[in-house]
Amino acid sequence: MLKRLAPFLVIAALVSPAHAAAGTTYTFATVDSIKAYEKNLYVTGILDGNSTPSTITATLTDSTAAERCDRLALIAMSKPGKYAFAMTNEWGGYWSCSLTAVVQ
Amino acid sequence: MIARAIAIASLALVACDLDRSQEPADARAAADAHVRPPDAPIGSPDAQEVPDAQPDAMPLPTDADQDGHIAEQDCDDHDPLVWLSLPYGYRDVDGDAYFVASSGTLCTGGTLPAGYASTAWSIDCDDTDPAIFTLRNGYVDADGDHYGDGAIVTLCTNGILPAGYAYSAGDCAPSDDTRWIDRAYDYRDVDGDKATVVESGTICSGDALPAGYTITAGPLDCNDHDPSVYALLTIYADQDHDGFGAGAASQLCALAPPTGYSKYKTDCDDADVTRWALLAYVGVDLDGDGVTAKATGTLCTAGALPPPYSATLTGNDCNDGDPSLTHYEVLYPDPDGNGIGSPPRAVMCIGASIPAGYSPYGWDGSVPDDDLDDLTIY
């Protein structure tokens, strides 16, 4: 399952969401809720390796980028365990989102 | 003019002869015997003037050297090259075109000859030596470094001071040709280790400051008499002799700390030789399953964190007291055993395997995949 993901994702998930350090990837085992507001995206769920839900807040470059991310999060939310949704705080202050199918 | 003078003289002679024609013949002959022959030189015995038999007779103007100047107007009627007496005020005996004051008159050919002058522009300081002619001031330069010493001296020269003299005074080392001028310095480096101490003054030098003196600061030398050391060493007491000290700092001018001291102050336990480095850890692995649980703190170590402490995290052990449980997993009840569970989920602390009756997938009974087609990603 999620153990099959790259190890750095596991480590990144342990970082406190309150400290969204540059270069950090937050991988969700589950996505519980999504909130999009203009360029801001709020995703709540259980980060991989954690036992309790966390909320990651990302400010993307524009609302279009936020829409791309919230759709990926929605897919992960619709099929719990099938996808790993990740948000990365890239160097330079940009955020990226990714959706990866979990190998069964 | 000369011809006219001769004609006048001839007429006078004729007149005299007319007067004398009244004299007896013997008397005239006696008188003629004392007349100087025309070609007789002046001063010759034959030319001695004899009182004329007739006192009122006019003497004939003569020009013995035939230079066109009668004897009365010729300063030397025996030399046809000179006739005019000229005054002079300067002489140049040695012929170096520099003159000395010396006045007199000279029978000349119209102008003063070489070596005489009525005025002089250049005064000779030694008219006996053509090689020297002008005065120069200098100082005795015994060592030949072009800086002299002592009182100023004036020399008769050829325009340049001779060897052994210099134009400049103030040689600070008159007998050492490598040093001649005082130069200022701001730092000393006695031991030559390129580190300096602050000390200013002047030192007798040559073209540059001698070794050991400089105007450029180097690193501060704590011992300028020992080239092997220059930097102050900050040291700390090392009671357990593990190479790491602790406590208050002290300073020593040395290459290495003495026994019982260390230049490191990081000994976290200076009474225990086996521990000296305080290290931070962020995780522990108490059950030894290779997965850490978060725990932060510091530990006094021998340079490396011992188990179960770790400076990095490996996973997130959900139960660090049981090596069979390593991580949290979000699981979904799967009562029908088809491998796909359904909510409500459970976050369980598990090991390598999924507990029976649970699945990591939670969409059983959810919307089919086709229903996701309208979630176009763009």
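## Helix, core and sheets in a predicted two-chain model

Q: Which residues of α2(A) are buried?
A: In this predicted model, helix α2 of chain A covers residues 63-78. Within α2(A), the buried residues are A66(A), C69(A), L72(A), A73(A) and A76(A).

Q: Why do the buried residues of α2(A) line one face of the helix?
A: The residues in question are A66(A), C69(A), L72(A), A73(A) and A76(A), each of which is buried. When the helix is viewed down its axis, they line one face because their directions fall within an arc of 125°.

Q: Against which strands do the buried residues of α2(A) pack?
A: Chain A has two helices and five strands, and from the N terminus its elements follow the order α-β-β-β-α-β-β. The buried residues of α2(A) pack against β1 (24-37), β2 (40-47), β4 (83-89) and β5 (95-101) of chain A.

Q: With which residues is A76(A) in contact, leaving aside its neighbours within four places in sequence?
A: A76(A) is one of the buried residues of α2(A), and it is also among the residues that touch the most other members of the largest nonpolar core. Once its neighbours within four places in sequence are set aside, its contacts are F28(A), V31(A), Y83(A), F85(A) and L99(A).

Q: Which element of chain B supplies at least two residues of the largest nonpolar core?
A: The largest nonpolar core holds 29 residues, and those touching the most other members include F28(A), V43(A), C69(A) and M87(A). From chain A, the elements β1, β2, β3 (53-59), α2, β4 and β5 each supply at least two residues of this core, and together with them chain B does so through β16 (327-333).

Q: How many residues does the second, separate core have?
A: Besides the largest nonpolar core, with its 29 residues, there is a second one, which includes Y88(B), Y98(B), F99(B) and F133(B). The size of this separate core is six residues.

Q: What is the bridge partner of Y90(B) in β2(B)?
A: Three strands of chain B form an open sheet in the order β2-β1-β3, with antiparallel pairing, and its edge strands are β2 (100-108) and β3 (116-117), each pairing on one side only. Strand β1 of chain B, residues 84-91, pairs with β2(B) over seven bridges in the antiparallel sense. In β2(B), the bridge partner of Y90(B) is A101(B).

Q: Why is one side of β14 and of β15 in chain B left without a neighbour in the sheet?
A: Another open sheet of three strands in chain B has the order β14-β13-β15, again with antiparallel pairing. One side of β14 (293-301) and of β15 (309-310) is left without a neighbour because these strands stand at the edges of the sheet, each with a single partner strand.

Q: Which residue of β15(B) is the bridge partner of V284(B)?
A: Strand β13 of chain B, residues 277-284, is joined to β15(B) by two bridges, and the two strands run antiparallel. The partner of V284(B) in β15(B) is Y309(B).

Q: Over which residues of chain A does pLDDT stay under 50?
A: The mean pLDDT of chain A is 79, and 79% of its residues reach 70 or more. Where pLDDT is low, the predicted coordinates should not be read in detail. That caution concerns a stretch for which the model has 39 contacts beyond four places in sequence, and where pLDDT stays under 50, namely residues 1-19.

Conventions:
Residues numbered from 1 in each chain as written. Chains lettered and ligands numbered in written order. Predicted model: local features only at pLDDT ≥ 70, side-chain atom pairs only at ≥ 80, totals over all residues. Pairing = 2+ DSSP bridges. Helix = DSSP H or I, 4+ residues; strand = E, 2+ residues; numbered from the N terminus. Expected span 1.5 Å × (residues − 1). Buried ≥ 20, exposed ≤ 12 C-beta atoms within 10 Å, placed from the backbone. Arc of directions from axis to C-beta. Contact = placed C-beta atoms within 7 Å. Core = buried A, V, L, I, M, F, W, Y, C linked by C-beta atoms within 7 Å. pLDDT = per-residue confidence, 0-100.
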